[in-house]
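Here is a set of questions and answers on one protein chain. Each answer works towards the value or name asked for.

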Amino acid sequence: MKKEQMRELTREELLQRKSELEEERFNLRLQKASKELDNPLRLRMLKRELARINTILNEDQLRIRPLAQVEKEPGSAEQKQE
């Protein structure tokens with residue numbers, strides 16, 4: 001996933017993507033340890049993508065470059081108040 005595409009995601013989506021990648025990285029590291037790893041370059045790609053996600057999350061936290069916000073459904077909160 002490109003960094004421009006990542007910046008369009010919300011914080012929750014990025015955190016979910018991060019956990020998926022960390023799980024995949026863990027599984028690939030186990031395969032590497034047991035000498036069953038088919039594509040060793042996938043580990044490098046995962047590591048870089050995780051670093052990108054961490055950078056984007058950090059930029060959002062420091063308010064350098066804010067992430068996309070979750071759009072609320074129009075009228076959902078307003079209808080409940082009436």
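**Helix packing, core and salt bridges**

The model is predicted. H1 and H2 are among the parts that cover the buried residues of H3.

Q: Which residues of H3 are buried?
A: Buried here means under 20% relative accessible area. H1 and H2 are part of the cover over such residues in H3. The list is Leu43, Leu46, Glu49, Leu50, Ile53, Ile56, Leu57, Glu59 and Asp60.

Q: Which residues of H2 are buried?
A: The cover over the buried residues of H2 includes H1 and H3. The cut-off is under 20% relative accessible area. The residues of H2 that meet it are Leu14, Lys18, Leu21 and Leu28.

Q: What pattern does the protein chain follow along the sequence?
A: The secondary structure comes to four helices. Strands number zero. Read along the sequence, the pattern is α-α-α-α.

Q: How many Å does H2 reach from its first C-alpha to its last?
A: H2 has 23 residues. At 1.5 Å a residue, the expected span is 33 Å. The model comes close to that, with a reach of 33 Å.

Q: How many Å does H3 reach from its first C-alpha to its last?
A: H3 has 21 residues. The expectation at 1.5 Å a residue is 30 Å. The reach in the model is close to that expectation, at 30 Å.

Q: Which residue just after H2 takes a positive phi?
A: H2 covers residues 11-33. The phi in question is about 60 degrees. The residue just after H2 that takes this positive phi is lysine 35.

Q: Which residue that follows H3 has a positive phi?
A: H3 covers residues 41-61. The phi is near 60 degrees. The residue is arginine 63.

Q: Which residues touch the most other members of the largest nonpolar core?
A: The largest nonpolar core holds 13 residues. Helix H2 and helix H3 are the elements that give two or more residues to this core. The most other members are touched by Leu14 and Ile53.

Q: Which element gives the largest share of the largest nonpolar core?
A: The largest nonpolar core has 13 residues. H2 and H3 each give two or more of them. The largest share is six residues, and it comes from H3.

Q: Which residues are in contact with isoleucine 53, leaving aside its neighbours within four places in sequence?
A: Ile53 is one of the buried residues of H3. H1 and H2 are included in what covers those residues. The contacts of isoleucine 53 are Met6, Leu14, Arg17, Lys18 and Leu21.

Q: How many residues apart in sequence are the parts tied together by arginine 7 and glutamate 59?
A: The two side chains meet in a salt bridge, with N to O at 2.7 Å. Arginine 7 lies in helix H1 and glutamate 59 in helix H3, so the parts they tie together are apart in sequence by 52 residues.

Q: Is glutamate 59 buried or exposed?
A: Its salt-bridge partner, arginine 7, is partly exposed at 22% relative accessible area. Glutamate 59 has a relative accessible area of 16%. The limit is under 20%, so glutamate 59 is buried.

Q: Which residue meets arginine 11 in a salt bridge?
A: Arginine 11 is partly exposed, at 32% relative accessibility. Its partner counts as buried at 18%. The N to O distance is 3.3 Å, and the partner is aspartate 60.

Q: Which helices hold glutamate 24 and arginine 42?
A: The closest N and O atoms of this salt bridge are 3.0 Å apart. Glutamate 24 is partly exposed, at 28% relative accessibility. The pair ties together parts 18 residues apart in sequence, because glutamate 24 and arginine 42 lie in helix H2 and helix H3.

Q: Which residues are in contact with threonine 10, leaving aside its neighbours within four places in sequence?
A: Threonine 10 has its place in the loop between H1 and H2. At 12% relative accessibility, threonine 10 counts as buried. Its contacts are Ala68, Gln69 and Val70.

Q: What percentage of the exposed area of the protein chain do carbon and sulfur atoms supply?
A: Buried residues make up 23% of the 82 residues. The chain exposes about 7,000 Å². Carbon and sulfur atoms supply 46%.

Definitions and conventions:
Residues numbered from 1 in each chain as written. Predicted model: local features only at pLDDT ≥ 70, side-chain atom pairs only at ≥ 80, totals over all residues. Heavy atoms only, no water. Core = buried A, V, L, I, M, F, W, Y, C linked by side-chain atoms within 4.5 Å. Buried < 20%, exposed > 50% of the residue type's maximum accessible area, 1.4 Å probe, protein only. Contact = heavy atoms within 4.5 Å. Salt bridge = Lys/Arg side-chain N within 4 Å of Asp/Glu carboxyl O. Areas by Shrake-Rupley, 256 points an atom, 1.4 Å probe, with all protein chains shown as cover. Expected span 1.5 Å × (residues − 1).
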